[in-house]
Each structure stands twice: as C-alpha cells, then as structure tokens.
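Here are a few friendly notes to read alongside the model. I have kept to the pocket and the nonpolar cores, in that order.

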Amino acid sequence: MPNPFPHLVAALLLLLSALPASAQEAAPDYPARLNAATAELAAVDGALDTRLEPADRAALRARAQAVRTSTLDSATQVEGDLAQIDARLVQLGAAAAAEDPAIASERRDLSRQRTTLDSAMKRARLLAVEAQQLVDEIQQGEAAEFSQKVLGRTPSPLTPAFWSGIVQALPRDLHRVHRFIADESAAVTRAPGGMPWPLLIGLIAAILLLVPVRLAAGRLGQRLLIDGAPGRRVRRSANALWRVLIGTIAPLFAAAALAAGARWSGLVSARMDEAIDAAVVAIGFGAFASAVLGAVLMRGQPSWRIAPVGDAVAQQLRPYSFLLAGLASAAILIEALNAAIGTSAAARIATQATIALLHMALIAFALGAIGRLRATRDADAPAETGLAAVALIAWGIVALALGALAIGFVGFALFLGQMVAWTLVLGSAVYLLLAAIDDIATSLFERHSRLGVAMTRGFGIGGGAIDQFGVLLSGVLRVLVAVLALGLWVAPFGGGSGVTSAFGRLGELARGIDVGGVAISPGAILRSIVVLAIGLALVRGFMRWLEGRYLPATDLDGSGRNSISLVARYVGIALAVIWALASLGIGVERIALLLSALSVGIGFGLQAITQNFVSGLILLAERPIKIGDLIRVGTDEGDVKRISVRSTEITLADHSTLIVPNSELITKSVLNKTLASPLGRIQIQFSVPLGVDAARVRQIVFDAFAREEAVLADPAPAVFVDAIVDGRIAFNSFAHVDSPRTAYGARSNVFLDLLTQFREEGIEMGTVPQRLELVSGAPTAVPAPSP
C-alpha cells in the first residue's frame, strides 16, 4: 500500500503556511516579500523542466501553494492599508489655495504611499494567479502519471510474455540484489568493532515497548476509565481510542528505536537507509491497521465493543485483520526495497501482481467467512440488507480486479485491492472517532453532568440549551472529521494531490470569501459568534439586575415591570445582534439597506406578523390589558398570564390556555373586568307574592349579605324593588366583593342563605317575570298578476 504519511505532513505544512502573515510580522516589507515570492515561483518553474519523482513533485506543489497563500495574504494586508490611506485622504479633503504646508506635505506623502501600495497589491494578485497556474500544472502532471500507473497495460500474467520478461530480467535483478547485500555487508564490516551497544539498547527498548509497556498502558488506561470516565458510552469510546493509540505507538516507537540503534551502530548503508525508514513506516501503518480493526471487533472484550458486531463475527474476522495489516506493511516495505535495489520493471510488475492477488484472496476468504456465518444463522432472523449489499459490492470488486489482472491491467488491480484495504482501515478509524466525538460531546454537555450543573449554576444556562449545545458540537466536529476523512481517503493514491489540494482549499477558506464587499471567513464567523455570546451574556446580566434589583425598587405593578423587562430584553438582543454583525464586517448601513429591500416582502408576506408585533408594542406601552387582568374575548373569559410582542396568553377557568394574537386585542372589543377597579359585583334578582311584607324581605336580603364574608361593607349592598308585575314583587339587589373572581362563589352562598331564610319564613321565592315580545314584520305587498 502506498505510504500516506509524507503527504499528510506536506498537507499540514501547507495548512500552517495558509495562516495570515499578519500574525507573524508586525510591519511587513511588501517589496521584499513579493521579490522573494517571485524568486520562489521562478525556482519552482525551473524545477518543473527536470525529471521529477512523485515526492519531488508533491514538494514543488506545496511550495507553489505556499507562495499563492502568502501573496494573497499580502494583497489582503495591502488592501487594508489602502483603505486607511483613502480614509485619511478623505479627511484631508481636496487641496486648497491657502493651505497649511504640513497638510499639503502629508497629502503628497499619502498619495505616493497609495501609488506604491496599489502597485504592490496588483503585483501580489498577479503572482497569486501565476502560482495557481503552476499548482494546476503540477496537479495535471500528477493526474496523468497516476492514470498511466493505474490504467497502464502490461502483458497478462496468463501469457508467456509476462513470464519471459521476468526470466530475462532475472539475472540482472539477482545481480542488483547481490550488490545491495554487498553494500550492506560492507557497511557492517566498516562498523566499529566490539559489541554494537546502540543496536542492543534499541532491541531491548523495542522488546520493552512491545510487551510490558504496551500491556501495562492498556491495563492502566482501562482502570482509569472505569474509575473516572463519566458514563458507559464515554468509557467504551475512550477505551477504543486508547487501544488504537497504544497499539500504534508502541510498535512504531519500537521499530524507530531498533532503526536508530542500527544507525548509531553504523550498520546501515546509504542504500539501506531509505529502506529502514520505509520499514518503520510499514510497521507503524500495519500496527495502526491492526489496532483500529481490533478496536472495532473487540474480540476479547465484547462488553467494551462499540460496533454492532456479534461475538461469532468478531472471532471469525479478527485473524483476517492481522493478515490485512501484515499485507499492507509488506506492500510498503517491498515497494521501498524495489526502489532501493533498483529492480527491473518486470520484477516490479510481478510483485504488484502478487500483492494484488493476495489482496483479492484475502478479501474473498473474509467474504466467504462472513457468508458461512450468515448461512449458519437462524433462518427466522431478519435479513441484513445493508451487509448483503456491501458483500455483493465487495464480490464485484474482487471479480473486477481479477479480470483486470487477467488481461494485463496490473496497476488497476492493485489499486482496487489497496483501495478496499485502505477504505476498511480508514472507515473503521473514522467510525471509532465519530462515535467517540458524539459520546464525549453529548456526555460532557448534558444537563445532569458535572459540567452541565456547573454551567447552570454559574451562568444560569438552561438544561435544554446545554443538551442542544452538546448535540450541535458533536455534529460540527463529526462533519469536520468526515470532510478530513474524505481527503485522507485519496491521500495514498495519485501522489497525494487530493489531500493536499483539500488542505489548500481549507487554507483559502481560512482567509475568507468576499460576499458583497464583506470578507466572510471562519475566523470572522467565530469572532461574531463570540461577540454575540458576550452580548447575550451582558443582556442576561442586565436583565437579571433589572428584574431582580431595579424594578422591585420602583412603584410599578407586575404588569408594568413585565412591559419594561420585555422591551429591554428585545432591545438588548437587537443591540447584541447588531454588534455581532458589525464584528463580522456588516455595518448598520448595510443592515438598513437589507431591511429596506425586504420591506416589500415584509409588507405582504409578513403582514400579519408585523401587525401583531406593532399591536404588542401598543399593549406594552398603553397597557389597556395587564398581566393578571380578568378579561373576556368573545365567549372566553380568563386571566392574562403573559403578554409578548406577538400574542397574549389567557388562562381559562378549565386551566387551558387561550393564545390570542395581539391584533385581536387592539382591533376588537375586549371586556376588561379589572382595568378600572379590582372589585367585583354580584347581582341577585327574585320575586315574591304581592301579599308578602316587602320591608321584611328587604331586611332578609341585607342580613344574607352581611353574613357572607366575601361581601364588602364599602361599597354597601343595595336592595331595590324593581317592579310589581302579575301580582308579584320583583326585587333587584347588588353587593360588591374584593375581586370579580370571587363573585360567582359569593353569589351562590347568598342564594343558598336566601332559600333557607325564605323557607323558614314561609315566603315563596320565585324568579323575575320574563316578558316575551313578538315582533312581526310589516306585511309585504303581493304583486298583482300580470295580465
């Protein structure tokens, strides 16, 4: 398998070079910087005229991309300096006849500086274009070389031409191998005599790292996770990552220690040196592949397994993961040895065909093992459609690779085999990392976690907001990992141009994208988010002081306090948003222009929302309805519980909530029973026979009112003879209570008392006579029949 590590290092260096140069130089010398960029581009352009190895071409591409990044940064800085000079020139104004010499001299100096900076900015942009052209040329060359490597056709292994080429080149290849061995033997002979202590120390360090240190680190990490990790999900994810880390670092460091010991002992020749480095990389990659696949399968610890894999599948597939790691390491090492020895093209093609065939055999045997497991499964078990589709695709790749190998496309067959292996290793690593990110983010930022409780107590953040932040953080980090994984997926193939180009695009994104004269970049977005968070935190603190300290010290009632608090909250949020937009580079004049452009849409599409918003402001300002008022809207009556800028919430007698748009409360009739006075009134009407003593009846009613605790003495109750109709005396009485909400119960109590007293007095109590009036319309004229 091609070595991905040099490409990753080059990509990281390219990303670091994409950082703004202003962070490194306080006062940049633009001419010197542009001259250096010009010389660098000339050197890269001249190197392209020579024969280049893939690694050299990747280095040239990184250099050209770094020049492009630095020149674009210079152009951005020059543009900022030009803006400052233009602003100062505007302040100075046009030249006058009688002008202060100092001002005239400053204007001339600024004009000269502006001319110089404008020339530098144009030159920087031109150099950036030239650098991009060189990058495109290099990438096209890499793509062409990759296509030739993958799609180049050789004699088929099934034909005699393939084997005859190997036989013809065999004597020369054997001679090269002998020369390689002789050079290494000569290096060993030239080594200082005596015991090679550096090699022995390196061997001891390698053994210690591979066995006791690796095992002890694994047990220590698991014990620490059991004792201190919050939650089972975090423990499982962290344990998987720890296993991958230990399983990769221990063999890699062991190989590096052994290689360093051999070098310090003088036992490595110049031709063997590169092969030693490749061996270290091969061991590291093989260890990484084995550790990642082992962490996914978790054959020995099924309770710590993250992936939904059965024990039988883990037991069957674990040996294949060792074989895959060993095959990948062998492929890297063999490629390095071929390069160091200088074997013939026939020998290289033969080794590539062998490695491709081994990849296909390994994939086929693994698919066969999975198929046998599925065949022995319970027939009633549900079918795994996804696994069947993946197996079908894998079998198709095996068939395609074998067919390509049979007709002579050895490079394409090797590419398919190594791509499947790399996809499996990288996919397993990304799966573990995504699971760990989700588990850690959602466990740390959870309302009941230690951090969540501390954030709630210290900053007053709600539990729901903490949970949402954890989910959002997990989503953002997982998307970033997926994007980087997509670039790494093509890193070992095609000379690494894919991942380096991806990091180059990230560098361009870090500098920002110009949208309508505003540079939108991740840094600017992050800065605006931080400013918005600070602004909202200040608003929260101000509201806490306003509601907790200032408003209680005023004479305002609860509704007035709510109105002031609500308006202050919306104004504070609006100011925080404007502050955040200003930090992003969007001025107030641009916001006003945007609002004016959207005014037509707001007038039509958002007319109802705008009307309710304005109505809410009127309610908060004029306060015809306050929180706690008892109002009637249509046929519904209840207490006002909340007034916002869009709607008003009313709690009805059945404990349900009626949400009324504010425009309904402004444009329609609303009965407010507590606006002018908090008192409530009860009315009792009845009739008694004409022969009953009316004064006695009146006194009984007064006494009933006096016995009811809810009835107020001031205003005093009143009892009236309302009418004498059909031989009966109609009484109409009134009393007041402290609230309309208690009127109904007080009225019922008075009725019960009157019924008892009238029964004891032998007085017949009846209803008030009702009058039924029949209204007939005027007779309509009957049209005369037509003649």
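1. The second largest pocket in this predicted model holds about 1400 Å³ of space. If you want to find its middle on screen, look for Leu-317, Ile-370, Leu-387, Val-390 and Leu-424, which lie nearest the centre among the 41 lining residues.

2. Which elements give two or more residues to the lining of this pocket? They are α8 (270-297), α9 (311-341), α10 (345-375), α11 (385-406) and α12 (410-444). The largest share comes from α12, with 11 residues.

3. As for chemistry, the lining of the second largest pocket has 30 nonpolar residues, together with eight polar and three charged ones.

4. Turning to the interior, the largest nonpolar core has 26 residues, and the members that touch the most others are Leu-41, Val-44, Leu-48, Leu-60, Val-78, Leu-117 and Leu-134. Two or more core residues come from each of α2 (30-47), α3 (54-92) and α4 (101-151), and α4 gives the largest share, 10 residues.

5. Leu-134 is a good residue to click on here. Leaving aside residues up to four places away in sequence, Leu-134 touches Leu-41, Val-44, Asp-45, Leu-48 and Ala-64. Of these partners, Leu-41, Val-44 and Leu-48 are also listed with Leu-134 among the core members that touch the most others.

6. There is also a second, separate core, made of 25 residues, including Ile-355, Ala-404, Leu-405 and Phe-415. As general background, nonpolar side chains in soluble globular proteins tend to be buried together.

Notes. Residues are numbered from 1 along each chain as its sequence is written. This is a predicted model: local features need pLDDT of at least 70, side-chain atom pairs count only at pLDDT 80 or more; totals for chains, interfaces and linings use all residues. Side-chain values use heavy atoms; hydrogens and water are left out. A nonpolar core is a set of buried Ala, Val, Leu, Ile, Met, Phe, Trp, Tyr and Cys residues joined through side-chain atoms within 4.5 Å. Buried means under 20% relative accessible area, exposed over 50%, partly exposed in between (1.4 Å probe, protein chains only). Helices (H or I, at least four residues) and strands (E, at least two) are DSSP runs, numbered from the N terminus. Contact means heavy atoms within 4.5 Å. On a 1 Å grid over the protein atoms alone, a cavity is a set of points where a 1.4 Å probe fits but cannot get out, and a pocket is an open set with protein on both sides within 12 Å along at least five of seven lines; lining residues have an atom within 4 Å of a point. Grid points are joined across faces, edges and corners, and a volume is the space filled by probe spheres set on the points. Ala, Val, Leu, Ile, Met, Phe, Trp, Tyr, Cys and Pro count as nonpolar, Asp, Glu, Lys and Arg as charged, and the others, Gly among them, as polar.
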